[in-house]
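Visitor: I am new to this structure and would like a close look at a single part of it. Could you choose one residue and take me through its surroundings with care?

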Amino acid sequence: MKFKYILPIILLALFSVSCSEDENDDFQPNEIEGLTKIQELSNDTHVIELYNKSGMFYTGYNEVILRIKNKSNNEFEENANLSWMPIMQMPSMNHSCPKSNPVKAAGKNTVYQGFIIYQMTNADGSGWSLNINYSIDGIDYVASSDIVVLQNELQNVSSFLGSDNTKYVVAFMEPSQPIIGINDLVIGVYKMETMMSFPIVENYSLTLDPRMPGMGNHSSPNNTNLVYNLSDKMYHANLSLTMTGYWVLNLKLLNTSEEVLKGEDITELNTQSSLYLELEF
Ligand SMILES: [Cu+2]
């Protein structure tokens, strides 16, 4: 082949590559800006990309953003129905954890948002896998993979047996960026109904007593107890943080009859509740 035939082919190839990239930018704006990829799960038809801020899963509450790339045209699916099932394999049994299935993120075209609350992990981050079931235009798909879940240094989730002989998971959700002053504290409460089912606990309440163990276990003024919020199905309170540092949020969980299921008051002799979450900022 002579050079005069090759050059137009090269130019054509270059042009079509840059052209298709422009198309992608136009039709699929970057909806994952500021996020870091945790990992991908892939099957024959799709690549599912998982994102959050840190790019890692940690024990406790994990907000997760995902998108589904179609392998045949490299476009992101905009009409998927998703559910997911995190599973931890333990020596004697398997169990799942509290979660919310991913739904289309508000105002976005290609990204879906949900959360997973890992209540434990192995020291080396192993043990968990994630199964994602989804359907697009009436066709069902599955993707699954092992995932790495690292141990959070602070106790931001507590799993325990209540005095009603029911197992509960209590998880810190907000504030993710605590401030000196009044913070909107958000906590999730879940019941371990079976190894695989962790429904939301509604209409209970939690008392709140934040303390600084490093500074004579002092508290702070103007805290409120946690009450159930019907719209987001989580528990909210005013959390008063008077200074930066290490705080223990001492809690008591009460059922709808105001019976204490877990936790104790803080006194001179009892400096910490058996139900608590930690925070440092
Ligand atoms: Cu486990």
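Guide: What follows is a walk around one residue and the sheet to which its strand belongs. Please keep in mind that this is a predicted model, and that the values below are computed from it. The residue is Ala 143, which lies in strand β10, a stretch that covers residues 139-147. Is Ala 143 buried or exposed? Ala 143 counts as buried because 20 other C-beta atoms lie within 10 Å, and the cut-off for a buried residue is 20 or more. Leaving aside residues up to four places away in sequence, Ala 143 touches Leu 41, Ser 42, Asn 43, His 46, Ile 48 and Ile 132. One of these, Asn 43, stands 100 residues from Ala 143 in sequence, and yet the two are 5.8 Å apart in space when taken from C-alpha to C-alpha.

From the residue we can turn to the sheet. Strand β10 belongs to an open sheet of 4 strands, whose order is β6-β5-β9-β10 and whose pairing is antiparallel. The edge strands of this sheet are β10 and β6 (94-95), each of which pairs on one side only. In general, the strands of a sheet pair through backbone hydrogen bonds, and they may do so in parallel or antiparallel fashion. At the β6 edge, strand β5 (residues 80-89) is joined to β6 by 2 bridges, and these two strands run antiparallel. Within β6, His 95 stands opposite Met 88.

Terms used: Residues are numbered from 1 along each chain as its sequence is written. This is a predicted model: local features need pLDDT of at least 70, side-chain atom pairs count only at pLDDT 80 or more; totals for chains, interfaces and linings use all residues. A residue is buried if 20 or more other C-beta atoms lie within 10 Å of its own, exposed if 12 or fewer, and partly exposed in between; C-beta atoms are placed from the backbone. Two residues are in contact if their C-beta atoms, placed from the backbone, lie within 7 Å. Two strands pair if DSSP finds at least two bridges between them.
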